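Student: Could you take me through one part of this protein up close? I'd like a look at the inside, starting with any enclosed space.

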Amino acid sequence: MRPDLLEVSGLVKTFRVGGGVFSTSATSLRAVDGVSFRVGYGDTLGIVGESGCGKSTLARLILQLTPVTEGSVRLEGEELVGLGRREMIRQRRKIQIVFQDTYGTLNGRMSAADVVAEPIRNFRLADGAALTARVARLLDLVGLPKDSAGKFPHQFSGGQRQRLGIARALAVEPKLVVCDEPVSALDVSVQAQILNLLKDLQRELKLSYVFIAHDLAVVRHVSRELAVMYLGRIVEIGEAGAIFAAPAHPYTKGLISSVPSSAGTGEGPRELLAGDVPSPMSPPTGCGFHTRCPQAMERCRSEAPPLRQVAAGRFSACHLHETAVTQF
């Protein structure tokens, strides 16, 4: 049996904050704290949580755009953490990213054709007429008009720029695409178009996605598996439909209660989140969510709960599930 396409285990990222080169006053910020998950071939894992929970840092760790402090990232069984530059470039063909900021990530001085052609040239996958034909196919694949090739990013709408970013990500035929808030800057009607495009491309090209967002309705539309993050940790993970139907963790319940019922379950009492997310510079002791949790107990203030299995394929990090002893 072949391994999962992506295996992330015990991933940690700590940043040094404050102080100068010779200062001892700096503090540590643990942006990602022991995150583990798997993504199968042709599958989608949605990662959701409020701003500042570590989702985008996690995306950059997966792609090795930010150095990992601890942990493992395996792509088709091969360890990415610690790979040399040449070896990592080889892996870049398998894993690409679609960013939220289309203005900041598309070179305004390059035409659409050159934006898409650049990674193809970098990997020496085609040149001449073959390159031109390949770029044209990619632009058509993402639904851009036939006259798009000679246009520049500022001449496109926001949705069209995101289509261009998707075409660039697909140019080297990756197996995994990390989508970091790819529709959050778009109008709702355009969001639906881009989400449908991503699903169509997944079916046609057999892609796997790690789909990061703060909008639960968006994540539910595209994800089979769901991971909920809070202060750098996964607090619940499992099949998306099951989590939306019956969330196990109090934080997940609060997130789902905060969206319209058409995007949530529409059943049961609403358990809206109170208070603000604590600063990651000085996170609470014990369970990071205890300062906002309506069901917090005394032990929650001193003891961080592990992820425990609460149902088939479902895990939750909460002391309320103490009788579930199987850890993730």
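Tutor: Sure, let's start with the largest cavity: 13 residues line it, and C287, C293, C300, C318 and H319 are the ones nearest its centre. Keep in mind that this is a predicted model. The lining of that cavity splits into nine nonpolar residues and four polar ones, with no charged residue among them. Its volume comes to about 90 Å³, and the count of cavities of 30 Å³ or more is three.

Now for the packed interior elsewhere in the chain. Take V32, which sits in strand β2, residues 27–39. V32 counts as buried because its relative accessibility is 0%, and the cut-off for buried is under 20%. What does V32 touch, leaving aside residues up to four places away in sequence? Its contacts are L11, V12, K13, G54, T57, L58, L61 and G232. Look at L11 in particular: L11 and V32 are 21 residues apart along the chain, yet their C-alpha atoms are separated by 6.8 Å.

Helix α4, spanning residues 112–122, gives you another view of buried side chains. Here A112, V115, V116, A117, P119 and I120 are buried. The cover over these buried residues of α4 includes two helices you can pick out on screen, α5 (128–141) and α6 (158–170). Follow the chain just past the end of α4 and you reach R124, which takes a positive phi of about 55°.

Definitions and conventions
Residues numbered from 1 in each chain as written. Predicted model: local features only at pLDDT ≥ 70, side-chain atom pairs only at ≥ 80, totals over all residues. Heavy atoms only, no water. Helix = DSSP H or I, 4+ residues; strand = E, 2+ residues; numbered from the N terminus. Buried < 20%, exposed > 50% of the residue type's maximum accessible area, 1.4 Å probe, protein only. Contact = heavy atoms within 4.5 Å. 1 Å grid on protein atoms, 1.4 Å probe; cavity = no way out; pocket = protein on both sides within 12 Å on 5 of 7 lines; lining within 4 Å. Points joined across faces, edges and corners; volume = space filled by probe spheres on them. Nonpolar A, V, L, I, M, F, W, Y, C, P; charged D, E, K, R; others polar.
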